[in-house]
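Here is a walk through one protein model, from an outlying loop to the sheet and the core. Keep the viewer open and follow along.

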Amino acid sequence: MNICVFCASSLRIDPKYIELARQVGTELAKRGHTLVSGGATVSCMGAVTSATRAAGGRTVGVIPQVLVDIEVADEDSDELIVTNGMRERKGVMDARSDAFLVLPGGIGTLEELFEIWTARVLGIHDRPLVILDPWGLYEPLRTLVSTMYDEGFTRADVFDAISWTSTVDEAFAHLEARSQPVRPSVAELGEATG
């Protein structure tokens with residue numbers, strides 16, 4: 001399976017997040033999966049890719065030319081795809097992936113999460129979408145989306161489209177399980193994205 005991992009590129013984060021990315025990369029390779037990542041060598045992105053390869057796994061990096069120009073591209077990737085921009089990058093990552101794993105990250109990670117989550121809620125795809133959040137970084141997001149539901153801005157099955165996990169083993173159990181499709185009715189489509 002090709003598993004896309006969305007994660008941090010920040011150099012200012014606690015080392016525990018980088019260690020989590022390493023654990024994910026090692027486990028991904030041990031289970032025989034291919035990593036699809038943002039194609040950079042920094043922070044969690046670099047940690048997950050290097051750990052995947054160190055454990056014998058295959059890596060596919062997808063990176064926009066602007067980041068290649070500042071020399072953060074993972075030239076050791078088994079396959080490195082250079083795109084014209086960020087939107088094309090996300091499209092290629094989406095097209096190359098059978099499942100999505102979201103690690104703690106910043107606004108770029110959130111952007112990637114929301115695009116895949118919205119498409120899943122709309123029934124555009126039924127691939128697994130999993131958040132791995134051992135330390136509760138995304139709990140305010142979960143609360144916000146629950147409040148959006150309470151206020152009528154989204155449907156209850158917004159949470160059927162995503163799995164929230166706190167351990168690496170739990171995350172992979174959800175990634176490897178068959179996802180249940182989310183099929184909105186025409187009346188619900190306006191509620192799906194707000």
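**From a loop to the core**

Setting aside its neighbours within four places in sequence, D126 is in contact with R120, S179, P181 and R183. Before going further, bear in mind that this is a predicted model. D126 sits in the loop between α5 (107-121) and β6. Is D126 buried or exposed? Neither label fits: with a relative accessible area of 30%, D126 counts as partly exposed. To get a feel for the scale, jump from D126 to D14: the two are 112 residues apart along the chain, and their C-alpha atoms are separated by 33 Å.

D14 is a handy place to land, since a helix begins there. At the start of α1, a side-chain oxygen of D14 comes to within 2.8 Å of the backbone nitrogen of K16. Helix α1 covers residues 15-30, and a quick sanity check works nicely here: at 1.5 Å a residue, its 16 residues should span 22 Å, and the end C-alpha atoms are 23 Å apart, which agrees. After α1 comes G32, with a positive phi near 80°.

Now look at which side chains of α1 are tucked away. The buried residues are Y17, L20, A21, V24, G25, E27, L28 and A29. In an α-helix there are 3.6 residues a turn, so residues three or four places apart point the same way. Keep that in mind when you read the spacing of the buried set, which includes Y17, L20, A21, V24 and L28. What covers these buried residues of α1? The cover includes β1 (2-6), β2 (34-37), α2 (43-54), β5 (99-102), β6 (129-132) and α7 (168-176).

Several of those strands belong to one sheet. It is open, has seven strands in the order β4-β3-β2-β1-β5-β6-β7, and its pairing is parallel. β4 (79-83) and β7 (163-165) stand at the edges with a single partner strand each, so one side of each has no neighbour in the sheet. On average, neighbouring strands are turned by 20° against each other, direction ignored. Zoom in on β1 and β5: they run parallel and are joined by four bridges, and V5 has L101 of β5 as its bridge partner. Helix α4 (residues 86-95) packs on the sheet, touching β1, β2, β3 (58-64), β4 and β5, and its direction makes about 155° with that of β3.

L101 turns up again in the packing. The largest nonpolar core has 27 residues, of which I3, V5, V24, L101, L103 and L132 touch the most other members. The elements giving two or more residues to this core are β1, α1, α2, β5, β6 and α7, and the largest share, five residues, comes from α1. Not counting residues up to four places away in sequence, L101 touches I3, C4, V5, F6, V24, V130, L132, A171 and L175. There is also a second, separate core of 23 residues, which includes V102, Y138, V158 and I162.

One last stop is T49, found in helix α2. T49 is buried, with a relative accessible area of 1%. What does a polar side chain do in there? The side chain of T49 reaches the backbone oxygen of G46 at 3.0 Å, and one of its polar atoms lies 3.1 Å from the backbone oxygen of M45. Leaving aside neighbours within four places in sequence, T49 is in contact with L35, S37, A40, T59 and D74.

How values were computed:
Residues numbered from 1 in each chain as written. Predicted model: local features only at pLDDT ≥ 70, side-chain atom pairs only at ≥ 80, totals over all residues. Heavy atoms only, no water. Expected span 1.5 Å × (residues − 1). Buried < 20%, exposed > 50% of the residue type's maximum accessible area, 1.4 Å probe, protein only. Contact = heavy atoms within 4.5 Å. Polar contact = N/O pair within 3.5 Å; in protein donor to acceptor, adjacent residues only side chain to side chain. Core = buried A, V, L, I, M, F, W, Y, C linked by side-chain atoms within 4.5 Å. Pairing = 2+ DSSP bridges. Axes fitted to C-alpha atoms, helices over the stretch in contact; angles between N-to-C directions.
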